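Thanks for coming. I'll put the structure up and then go through a few of its local features.

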Amino acid sequence: MSGIAVAFDLRGGLRASAAVGVMLGAMRYRALDGVASASLGEVAMGVARLIVTPQEAVESQPLASPRTGCMLVADARLDARRELMALLGVPPSQDPSDAELVLLAYEEWGLEAFPRLLGDFAVVIWDPREHRLLCARDTSGQRQLFYALHDGVFYAASEIHPIIRASDIPVEPNEDRIRNFLSPMEMFTNEKQYADTFYKGIHSVEAGGVVVVTSSGVRRERYWELGAVREIRYRREEEYAEHLWEVFSRCVGDRLRCVGPVGVLLSGGLDSSSIACIAQTLYTAGSVQGRGISTFSTVYDDLECDERPLIEAVQEMYGIDAHYVPPGGYAGRLQPQPMGFQVAPNMGMSEGWDLIMGAVTSAGVRLLLTGDIADACIAGSPLVFDSLIRWGKLGDLLLYLRAYRRRCGDPWRRILLLYCLAPLLPRSLQRRIMLGHLRRSAPRSPERLLPAWMPQALRAELGARQIEATFESERRRRFSSPARQEEYDLLYPPPLEVHPAPWCVQVAQPYADRRLHEYLLGVPPEVKYRPHPETDEFYAGSKRLLRQAMRGILPEPIRTRTSKTHFASAFERELELNWHHYEAVFGPGGTPRIAERGYVVQERFWQRLQAMRAGERGPDFLYVMYIIGLETWLRALELPRPQLVTVPPPWQDRATLGAEPR
């Protein structure tokens, strides 16, 4: 999680060096191992160092090549290092850092280097031969890199607020991004990474993309997209699970390369528990170096969402060092008086995050593995009917069809036409059929998809956006298989997972590994999902391949669980403990920014909060939580600029600065 900062004065002046110094100062909390910078006139680069891998301990960024003069800063962790070193002619006896390998690869292959790199990275390269600056990110967007062009200076940094601090860019909300954020397609699947951020004029380098900057301007290019996937067919179903174990254990093991203790953010679900169990298995077998993992878990005593018994099952099975952290005062989602910069509206309860990250850093952990994005990666899809037909599995077809009909209630005609017959046709004809169906079935009143406490005009606009997004997704269809297309849409563009500063801990997500995605998309859809014999709940039949691969590795109560944990009770506790803040902001005497900007009808939203406090949950649960986060974010934009561009201290430290802790 090293922080990188770069400035390029396109007018040929000398403003870059001072700008990089300011940006590094804004990310000082990342610099546990110091800061360093270098300047080449109109270009300056700097790094706030956090050493995670052994190779980083002996490197010195910014890197400059004596052969080509190219200069690089990187926040990177590469996989398949030996293979890459062989291609580059680097002897096995050498042990270059990942940043050094990136620079060598660029010198060898130019822009064609980036598709060859596996792993997580954000890199910026200055090439004096072409007089150009290159900013690139990995294919799953695991390392952040933002940029802006303002008053003739190009700024790039690992976070947004350093760019704002180093320039006089106006701080304005990006209304189009907010409306995408509030659309049903993102609210009920997963929020996506985009080139645009919530801050107008500040952009993100896209996953699998490179930004090329020259004195004449800025252009964006894609260097990678997931292409055609070859279907894998094994004779025995067990072989799919064996192959998954091989791939996924490599994805986990590659992320355990660390100079110190490694942590896992552990819940009682399949996803993070699988990571913890695989990691500990690899340590025990001697497949990776280290003493084992420590786990960190938020527990909710006396609430229905508490997963302590399942977490303890992992602890008892492997004897791991487990840390149980309470959620504190359930505060931070709504902040009437924010203390500083807020990167996005979807930050959740910052107090709970601060408490668990405080436990992580107190244990000396710099690397934390999480089960983020697993639902988008490994769950599977129930729309497997065309695959069953192609392979003559007609007995299974009836089982799947009946289970799907019970769960979704769609008419038989729709199911048979759209999900059984159309996928067997050429993709161009299938697309025409699907687009025709969408035109006929699009609701005449799309605002019904949105909560009634939103203004009618906004509901109509967001509903129309939802319909257009559905059409656009169909026009871009890559797979004839509805199941594979659904899985692909969940993965790319990659899901957005925001982990707030100022905690200097590298977060790693094994489920975001492109090798895992390529394998899973090649597995027959019916292998990943099968209706459960006792319940029609989707979760019970999902992640089937992972469940098989983890037999004997995961505790059985976790491996065979049939329902997800829901956190409505935690939000109800949040409302109760912080009701005085909610009443002051959203009640009759309050002035909510979300009402002033037309996102809610204040009276209706206040009534909804009162109903939720009384235990009335409803289908708009996620909307309510996210709109509250939007209120906090909008209030942060009103702060004086010096405070706005400063990341607030951890929640437990705010009382010393005069902020009410809850």
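**Local features, one region at a time**

Leaving aside neighbours within four places in sequence, Thr-68 is in contact with Glu-107, Pro-128 and Arg-129. Before I go on, please keep in mind that this is a predicted model.

Where does Thr-68 lie? Thr-68 is in the loop between S4 and strand S5, which covers 71–78. Its relative accessibility is 14%, so Thr-68 counts as buried. The cut-off for buried is under 20% relative accessible area. The Thr-68 side chain takes part in two interactions I want to show. A polar contact of 2.5 Å links it to the side chain of Glu-107, and the Thr-68 side chain also reaches the backbone nitrogen of Cys-70, at 3.2 Å.

Staying with loops, there are some backbone details to list. Gln-61 and Pro-62 are joined by a cis peptide bond with omega about -5°. Pro-62 sits in the loop between strand S3 (43–48) and strand S4 (63–64). Another cis bond runs from Tyr-492 to Pro-493, with omega near -5°. Pro-493 belongs to the loop between helix H17 (482–491) and S17.

Next, positive phi. His-131, a residue other than glycine, has phi near 50°. His-131 is found in the loop between strand S6 (119–127) and strand S7 (132–137). With 34% relative accessibility, His-131 is classed as partly exposed. Ile-373 likewise is not a glycine and has a positive phi, near 65°. Ile-373 is in the loop between strand S16 (367–369) and helix H11 (374–377). Is Ile-373 buried or exposed? At 10% relative accessibility, Ile-373 counts as buried.

Now to Gln-506, which is placed in strand S17, residues 506–508. The relative accessibility of Gln-506 is 5%, so this residue is buried. Which residues does Gln-506 touch, not counting those up to four places away in sequence? They are Met-1, Leu-50, Val-52, Asp-75, Arg-143, Arg-366, Leu-367 and Leu-368. There is also a long-range pair to note here: Gln-506 and Leu-369 are 137 residues apart in sequence, while their C-alpha atoms are 8.4 Å apart in space.

S17 brings us to the cavities. How many cavities of 30 Å³ or more does the structure hold? It holds 11 of them, and the largest cavity contains about 910 Å³ of space. That largest cavity is lined by 49 residues, and those closest to its centre are Gln-144, Val-343, Glu-497, Val-498 and His-499. Two elements, helix H10 (350–362) and S17, give two or more residues to this lining. H10 supplies the largest share, 4 residues. By class, the residues of the lining divide into 24 nonpolar, 14 polar and 11 charged.

The remaining slides are about helices. Helix H8 spans residues 270–285, and Gln-280 lies in it. Gln-280 has a relative accessible area of 10%, so it is buried. Apart from residues up to four places away in sequence, Gln-280 touches Gly-292, Ile-293, Tyr-318 and Ile-320.

Helix H13 runs over residues 394–408 and has 15 residues. From the first C-alpha of H13 to the last is 21 Å, close to the 21 Å expected at 1.5 Å a residue. Which residues of H13 are buried? They are Leu-397, Tyr-400, Leu-401, Ala-403 and Tyr-404. As general background on spacing, an α-helix has 3.6 residues a turn, so residues three or four places apart point the same way. The buried residues of H13 pack against helix H12 (385–390), helix H14 (412–421) and helix H19 (525–528). Just after H13 comes Gly-409, with a positive phi of about 75°.

The last element is helix H27, residues 621–636. H27 has 16 residues and reaches 24 Å from its first C-alpha to its last, close to the 22 Å expected at 1.5 Å a residue. Why is H27 described as largely enclosed by the rest of the structure? Because 14 of its 16 residues are buried.

To recap two items: Gln-506 is buried at 5% relative accessibility, and the largest cavity holds about 910 Å³ of space. That's where I'll stop.

Technical notes: Residues numbered from 1 in each chain as written. Predicted model: local features only at pLDDT ≥ 70, side-chain atom pairs only at ≥ 80, totals over all residues. Heavy atoms only, no water. Expected span 1.5 Å × (residues − 1). Buried < 20%, exposed > 50% of the residue type's maximum accessible area, 1.4 Å probe, protein only. Contact = heavy atoms within 4.5 Å. 1 Å grid on protein atoms, 1.4 Å probe; cavity = no way out; pocket = protein on both sides within 12 Å on 5 of 7 lines; lining within 4 Å. Points joined across faces, edges and corners; volume = space filled by probe spheres on them. Nonpolar A, V, L, I, M, F, W, Y, C, P; charged D, E, K, R; others polar. Polar contact = N/O pair within 3.5 Å; in protein donor to acceptor, adjacent residues only side chain to side chain.
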